[in-house]
Amino acid sequence: MKKVSLIKINADKCMGCRACEVACSAFHANPKYSSTNPERSRIRVSYDQLNDIYMPVMGGEYTAAECNARYTITVDGKTYDECGFCRASCPSRDLFKDPDSGLPLRCDLCDNLDDGALDEPWCVKWCLNDALTYEEREEEGEEEVKQEELEIGLEALADKFGLDKIVDTIVRMSESKKG
Amino acid sequence: MRYAETGFNLEIDLSHGNIEKVETDPRDTELHLGGLGTNAKILWDRVPPETDPFSPDNLLIFGTGILCGTPAPSANRTIVSTFSPQTGLMAFSMMGGFWAPELKFAGYDKVIIRGKSPDLVYLWINGDKVEIRDASHLRGKGPLEVAELIKKELKDPRVQVAAIGLAGENKVFYSSIEHGRSSASRLGVGAVMGDKGLKAIVVRGKKDVNVAHPEEFMNLCNEVLEYRNFRWENPIKGVPAILAGVGSPQEMALRDEQWHTTSFSWGHARTRRKDFWTEEVEAQWNKIQDTAIVRLISCYNCPNECGALISYPALGTPTYMMKCYSKLTYVMGAMSNDLDFGYRIAGQAQEYGMDGYTNPQVMAFAVELYENGVLTDEDMPGFPPRNPDGSDEDRFFWLLEKIAHREGIGDVLADGVYWAARRIGRGAEEYDHNTTKKHEQMVIKLGMLNPIYYLLYGTGEKANITQIEGQIPQAPLPKELREEFISNWMQIPTGKEERFKQFIMEWGDEDKVFPYYPPVDLVCDLCEWQEIMHYIDDATGICAGMSSFLIKPPYHIHNIPRMVSLGTGMDIDEDELWEIANRNRTLIRAINVRRGMRSKDDEPPVDHWRRRFPDYEAKLKDEYYKFKGWNSDAIPAEQILDELRLDFVARDLKERGILGDGNTEGASETPSEGGSEK
């Protein structure tokens, strides 16, 4: 059996306050909670206020390539932005990338609920209007091997510069540190 | 490293196109904290009292509260400060929304604008890159439209835009600066922005805002949110619905308008309609509100839903966002029976960028002058007749166009009731009955003098009572609810617990009624508490709707000092925070005193209450001045200035002969140039 964690988004209840972004970026600051910066948040509220569009989206997979075709989605007469529902950290946009390093940011479920210190993710905890709610359940299947933050970052760098160049750089860096 | 604040201001000289990033002095933070406090210090230091509000030397400051951009819930206020073309005094205007945190993330605590641009421009602050850009294509456009156009132009939907509308460009004395559903609308800050040739300030930031003690700070934020939830679920009993909950007045969520429509005055603050709120009206208004409001919305990092997106087919104006009480101000001013009229005209007025509180009063004043033959068809060619239902809805739409464009009579009315009355003459001054310090007051006319509100209205430096009042019920609680009320009232300042609880327990008893109850010393204490809490919020950037405006707010004198200390790394206790707020309050009084304000200006409108007690009122004022350490002419005395480390203020006031020889100069009697003379 494996544990499945689910963040439910009820976009109808979102008031666009972005408290989820605040709490997320504070948790992921280093040291923890030491700074806030929505740009570093792994959840972002896309909004188009006058068209009544409020859509919280959690950062998902890193991808090296854009989609072949963009698309728009219209629901209840409201046309959402291109990529409006997409969670990817991708070359077509700045979303879910660290503003300083450009490295991808992915929701890590508050680093898998902070070693038991959290009973729900920070974004859910700070969404007092219940646009975000959290559920855990068991499902058939095997636990997936967790991809570490470092690995995700390195993968992005490898796509950008090539694996060889990264290996060379790491060797050089470690030598200069020794020296 | 600086915590909570960025430690940098952005200085923009629009006359020379100069842009500078300037490091601020941490000592100013220690003394004034931030927001309004440090804004005031800059205005004191850099704008001499003879400066006309429309002079290039007047500064227009967009300040952020010191906690804006930190995780502190509801700390999102932008504090705009300048000198008002309408009053000649320091302008207070603040707004919620998303602008202030974004400026912090861009790396600045304030934007300080001086000079005047020869052409209409907008300012684009993109982190370290700051540009003054052409705005000629935005001329005459409304703030919401401007924001949408700029987002497209800059290809970034996440920029935050504060902009003026046509009224600001035309220097209407009560034009606003609009930002989404928020607006800094009081005292003509939009006119000063228009005078500077600045259409908008656009901000985008991607940097960190740091706090000094992260873990404890976050824990305290959680405590504030938990108490907010408790208060959300436990409204105060025995007070009107609008004062019972959390948030700024929940005008968008609440549909029950009995309190406003039957307690406040209609028309030009003349008529009470005590029987207005019938079942029929209620059903009709509920239907309109349910149709009009598409979604309740909130400001940055705030759980309260005080605003709303307004959109419905019959609207006749594009979709817009509204908050608070402006849905009613036009309805009541125009003696309308129709909430739909309120939504329609408020949307249009907001796109012109006009104060929804003053604007209907000016229009109702014009209607009153017309009805009494002071203004005639000669002055107002084409002025429509009354609507068949007896309301002035068509006239209001007509006046709105004239004022926003400063056309014909509109050019006169655009200066507000006080100056318009004097320019019209022919006895029009007699109809100027609801202004104080040359500014339109709340449309309330009551019976018995309320000594607390007498001082709040009279001596308050702010033009809006909701930015002065709070903490206590506005009327005695029913006897059976008093015990429960005081049982969990932990917001009272240390040392005042017994006194304030006793007040709640006995207020309203047989001989414990206005005007001679509460006793003067208690009136002073209650007034100061209410006012100081607002001055604290104005420095921290916390919204009054989570703090000073509320009864039993989530933020109070016991947790804000901790929040400020943990955020900034300074060590500030309750007394020290109180002192900072009192310092800021006193400095602002001194700024206005230096511009001519005196005790005679500290008066509520003459007809605010039917029953007045001139001798007693004089005593109230006198005692309050003593309590505040001011002299009998409302000038802060040397002793209090020294105590508050404002000795530089004392020196200046003495050099000018304002302190020391009982000077009794009054406020300036000429309007700003470029307004009436235009």
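# A walk through chains A and B

Of the 179 residues of chain A, 31% count as buried, where buried means that 20 or more other C-beta atoms, placed from the backbone, lie within 10 Å of the residue's own (12 or fewer makes it exposed, anything in between partly exposed). Before going on, keep in mind that this is a predicted model: local features need pLDDT of at least 70, side-chain atom pairs count only at pLDDT 80 or more, and totals for chains, interfaces and linings use all residues. As for labels, residues are numbered from 1 along each chain as its sequence is written, while chains are lettered from A and ligands numbered from 1 in the order in which they are written.

Let's stay with chain A for a moment. Its C-alpha trace spans about 60 × 40 × 40 Å along the principal axes. There are 5 helices and 7 strands in chain A; helices (H or I, at least four residues) and strands (E, at least two) are DSSP runs, numbered from the N terminus. Follow the sequence of chain A and you meet them as β-α-β-β-β-β-β-α-α-β-α-α. Among the contacts in chain A with a separation of 6 or more, 62% come from residues 24 or more positions apart; a contact here means two residues whose C-beta atoms, placed from the backbone, lie within 7 Å.

Now for the place where the two chains meet. Chain A puts 22 residues into the contact and chain B puts in 32. On the chain A side, helix 1 (19-27) and strand 2 (35-36) each supply at least two residues, and helix 1 of chain A gives the most, with 4 residues. Sorted by class, the side of chain A that touches chain B has 11 nonpolar, 7 polar and 4 charged residues. For these classes, Ala, Val, Leu, Ile, Met, Phe, Trp, Tyr, Cys and Pro count as nonpolar, Asp, Glu, Lys and Arg as charged, and the others, Gly among them, as polar.

Strand 2 of chain A has a partner across the chains: it pairs with strand 13 (residues 209-210) of chain B in the antiparallel sense over 2 bridges. Two strands pair if DSSP finds at least two bridges between them. Look at A:Ser35 and you'll find its bridge partner in strand 13 of chain B, B:Asn210.

Over to chain B. The domain assignment, which is automatic or from a database, gives chain B domain 1 (8-204), domain 2 (246-440) and domain 3 (447-655). The C-alpha centres of domain 2 and domain 3 of chain B lie 30 Å apart. Where these two touch, 13 residues of domain 2 of chain B are in contact with 15 residues of domain 3 of chain B. The domain 2 side of that contact divides into 4 nonpolar, 8 polar and 1 charged.

Start at the beginning of chain B, with strand 1 (residues 8-13). Strand 1 pairs with strand 2 (residues 18-23) of chain B in the antiparallel sense over 6 bridges, and B:Asp13 has B:Asn18 as its bridge partner in strand 2. The hairpin of these two strands has 4 residues between them, and there B:Gly17 takes a positive phi near 65 degrees. Strand 1 of chain B is also joined by 5 bridges to strand 6 (residues 110-114) of chain B, and this pair runs parallel. In strand 6 of chain B, B:Lys110 is the bridge partner of B:Asn9.

A little further on comes helix 2 (residues 35-46) of chain B. Its 12 residues reach 17 Å from first C-alpha to last, close to the 16 Å expected at 1.5 Å a residue (the expected span is 1.5 Å times one less than the number of residues). Helix 2 of chain B is mostly covered, with 9 of its 12 residues buried; B:Leu36, B:Leu43 and B:Trp44 are among them. What do the buried residues of helix 2 of chain B pack against? Their neighbours are helix 1 (26-32), strand 3 (60-64), strand 4 (78-83), strand 5 (90-95), helix 20 (520-540) and helix 22 (574-594) of chain B.

Finally, find the open sheet of 3 strands in chain B, with the order 16-17-18 and antiparallel pairing. Strand 16 (293-297) and strand 18 (320-323) of chain B stand at the edges with a single partner strand each, so one side of each is left without a neighbour in the sheet. Strand 16 of chain B pairs with strand 17 (residues 307-310) of chain B over 4 bridges.
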